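Me: Got a minute to look at this one with me? I'd like to talk through the ligand site.

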Amino acid sequence: MKLYYSPGACSLAPHIVLEEIGEPFEAVRVPIGDGAHRQPAYLAINPHGRIPALEIDGTIITEAPAILAFLARHRPDSDLLPADPVQEGKCLEFLAWLSSSVHTAYAQVRRPERYVDDEPDYPPVMEKGRANIARHFAEIESILESGPYAVAGRYTVVDPFLLVFYHWGVGRYLSFDMARDYPAWTQHADALLARPAVQRALAREGIAIR
Ligand SMILES: N[C@@H](CCC(=O)N[C@@H](CS)C(=O)NCC(=O)O)C(=O)O
């Protein structure tokens, strides 16, 4: 398998899961900051021009939730996606929400040019994005207050995806005080950061979260 990733992007979640399941893989760096994801070589991999993409024997899967679910199903022994259909549904629900609502709220702050054409219109879009993210983050905090992990009372593919958003919370575009305002989520992040698979993925990407 080949994972196309950019340091600190949402590709961090599948990167962690590849490490968790012990699958041999090649990590292909496509730095968003350099515009590598908009070059023809990468557009041939993912015509959407977005990271991540996963290549399996010549087949490409894009979209983080699909990649995460695939990896867990590829290695059912890893137990990262419950076999019980209801709990599986709850995991997929959470992945879809993170991707469709939380990630897009972040994009309002990180990429306002996607929402309005003129630069003077950026600030209100970004401000509304911050408010949307704060609302979503409060919801995540309350979910994590009632359990150490997001779904099913145990570690699943949802948890590494949550770490991506925690990382963005402390990052320069949001600069939230995550430890003060989201203590349950901070405990969750610390539990993940203690996992060797998470440490390997972070070391390869060259990023530190806490
Ligand atoms: N819905 C996609 C979103 C992917 C996405 O937007 N990825 C970001 C990195 S976190 C990206 O490629 N950004 C580059 C850009 O917007 O130009 C998914 O879940 O994989």
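Me: What classes of residue make up the shell around the ligand?

Reply: Going by class, that shell has eight nonpolar, five charged and three polar residues. Keep in mind that this is a predicted model.

Me: Which residues come nearest to the ligand?

Reply: Of the 16 around the ligand, those are His 37, Ile 51, Glu 63, Ala 64 and Arg 114.

Me: And which polar atoms of Arg 114, Ala 64 and His 37 face ligand oxygens?

Reply: For Arg 114, a side-chain N or O atom is 2.4 Å from an oxygen atom of the ligand. Ala 64 uses a polar backbone atom, 2.8 Å from a ligand oxygen. With His 37, a polar side-chain atom lies 2.9 Å from an oxygen of the ligand. Overall, the protein covers 90% of the 510 Å² of accessible area that the ligand has on its own.

Me: Where do the shell residues come from, by domain?

Reply: Domain 1 (2-78) and domain 2 (85-195) each give at least three residues to the shell. Among the helices, α3 (64-74) and α4 (85-110) each supply at least two. The space the ligand takes is the largest pocket.

Me: Switching to backbone: is the Ile 51 to Pro 52 peptide bond cis or trans?

Reply: That bond is cis, with omega near 10 degrees. Pro 52 sits in the loop between α2 (40-43) and β3 (53-56).

Me: What about the phi of Glu 63?

Reply: Glu 63 has a positive phi of about 75 degrees, though it isn't a glycine. You'll find Glu 63 in the loop between β4 (59-62) and α3. Most non-glycine residues have a negative phi, and most peptide bonds are trans.

Conventions:
Residues are numbered from 1 along each chain as its sequence is written. This is a predicted model: local features need pLDDT of at least 70, side-chain atom pairs count only at pLDDT 80 or more; totals for chains, interfaces and linings use all residues. Side-chain values use heavy atoms; hydrogens and water are left out. A residue is near a molecule or strand if one of its heavy atoms lies within 4 Å of it. A polar contact is a pair of N or O atoms within 3.5 Å; within protein, one must be able to donate a hydrogen and the other to accept it, and residues adjacent in sequence count only if both atoms are side-chain atoms. Accessible areas come from the Shrake-Rupley method with a 1.4 Å probe; for residues, only the protein chains shown count as cover. On a 1 Å grid over the protein atoms alone, a cavity is a set of points where a 1.4 Å probe fits but cannot get out, and a pocket is an open set with protein on both sides within 12 Å along at least five of seven lines; lining residues have an atom within 4 Å of a point. A molecule sits in a cavity or pocket if more than half of its atoms lie within 2 Å of its grid points. Helices (H or I, at least four residues) and strands (E, at least two) are DSSP runs, numbered from the N terminus. Ala, Val, Leu, Ile, Met, Phe, Trp, Tyr, Cys and Pro count as nonpolar, Asp, Glu, Lys and Arg as charged, and the others, Gly among them, as polar. Domain bounds come from an automatic or database domain assignment.
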